[in-house]
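Colleague: I am new to this one, so could we go through it together? Please show me the sequence and the structure, and then I will ask away.

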Amino acid sequence: MYQYRENKHRLLINTFEWSYCDYFWADKRDPQGATVSGFEVLLQKQLKGKQMQKEMAEFIRERIKIEEEYAKNLSKLSMFPMAAQEEGTLGEAWAQLKKSLADEAEVHLKFSSKLQCEVEKPLLTFRGDNFKKDMKKYDHHIADLRKQLVSRYAAVEKARKALADRQKDLEVKTQQLEIKLSNKTEEDIKKARRKSTQAGDDLMRCVDLYNQGQSKWFEEMVTTSLELERLEVERVETIQQLLRQYTTLRHETDMFNQSTMEPVDQLLQSVDPAKDRELWVKEHKTGDLRPVDMDI
């Protein structure tokens, strides 16, 4: 259907760029054996990218759920009255450790909230419902040009055969007239020659229409494939930016979590068994008079 010539069209883009417009002109077979055009391969790449984006958003949603559940459990645990009667400097450190759980829970809640606003939501809204409709428009447009090209190619082949038949008919009639095997008149020869000329004109017209169609298809393939290439670059860079935001938020969460432990570390360093013993004795002592030996 398509006319290819070696070196007629050099690569449109630098070969090291691996541009879409240079490598998707031919059809191929899919794993099921069906014929798939190069342009359909490009469209499938776009639709697959949309699906990957959706699955990434679902993954982040699950991460958010885990963070929310973790924060809930931390907050709940921080309120447990376990070892609430611990006293002294150790009691202060223990109370601060429990409080740090509530602080850490708040950190994880903020992390989950930021994940939703700054990562999940952008993943979901990037390229909305109209994206698939736009891809269908591209598909129908290029498919229509291909159908037109197939039709015009068939017309060329039909005109080529008609010309060959007319030329053969003219040749036979001319030979018959020359050797007088037929009583065909000169007028019959002229008529056959006119039909042959007309068939040649028809072939030229069909070839011209085919070339116009192929030129249009070529231009639209280049333009559209470059647009799909731009969209893919945009998709990859956008998701890259969102995943970087994820890692930034994750690092921030680690920093905030670390800060919740600093007061605990400080109080643990201040734990003093001697001081705790002093405070406990002063509060709970029962008397300092010791027993002595009896005198007779």
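Colleague: Does E278 count as buried, partly exposed or exposed, and at what relative accessibility?

Modeller: Happy to help, and please keep in mind that this is a predicted model. Partly exposed covers the range between the 20% and 50% cut-offs. E278 falls in that range, so it counts as partly exposed, at a relative accessibility of 41%.

Colleague: Which side chain does E278 meet in a salt bridge?

Modeller: Look along helix α6, residues 273–284, for a residue four places from E278, about one turn of the helix. That partner counts as exposed, at 56% relative accessibility. The N to O distance in the salt bridge is 2.8 Å, and the partner is K282.

Colleague: How many residues apart are K45 and E232?

Modeller: These two form a salt bridge, with their closest N and O atoms 3.7 Å apart. K45 is partly exposed at 36% relative accessibility, whereas E232 is buried at 9%. The pair links distant parts of the chain, with K45 in helix α2 and E232 in helix α5, and the separation is 187 residues.

Colleague: How many salt bridges does the count come to?

Modeller: In general, side chains of opposite charge can pair when their charged atoms come close. One such pair here is E157 with R160, at 3.6 Å from N to O. There is also a network of salt bridges that links R127, E227, R230 and E234. The count comes to 16.

Colleague: What is the nearest side chain of opposite charge to K98?

Modeller: K98 sits in helix α3, residues 88–125. Leaving aside residues up to four places away in sequence, K98 touches S78, F80, P81 and M82. A salt bridge needs the nitrogen and the carboxyl oxygen within 4 Å. K98 is buried yet has no salt bridge, and the nearest side chain of opposite charge, 11 Å away, is E86.

Colleague: Which elements give two or more residues to the lining of the largest cavity?

Modeller: Just one cavity of 30 Å³ or more is counted, and the largest cavity has a volume of about 40 Å³. Its lining is made up of F24, W25, S37, G38, F39, I142, R146, W217 and M221. The elements giving two or more of the lining residues are α2 (38–78), α4 (130–178) and α5 (186–269).

Colleague: How do the residues of that lining divide into nonpolar, polar and charged?

Modeller: Among the lining residues are F24, W25 and R146. Phe and Trp count as nonpolar, and Arg counts as charged. Over the whole lining of the largest cavity, the division is six nonpolar, two polar and one charged.

Key:
Residues numbered from 1 in each chain as written. Predicted model: local features only at pLDDT ≥ 70, side-chain atom pairs only at ≥ 80, totals over all residues. Heavy atoms only, no water. Buried < 20%, exposed > 50% of the residue type's maximum accessible area, 1.4 Å probe, protein only. Lys, Arg positive; Asp, Glu negative; His and termini not counted. Contact = heavy atoms within 4.5 Å. 1 Å grid on protein atoms, 1.4 Å probe; cavity = no way out; pocket = protein on both sides within 12 Å on 5 of 7 lines; lining within 4 Å. Points joined across faces, edges and corners; volume = space filled by probe spheres on them.
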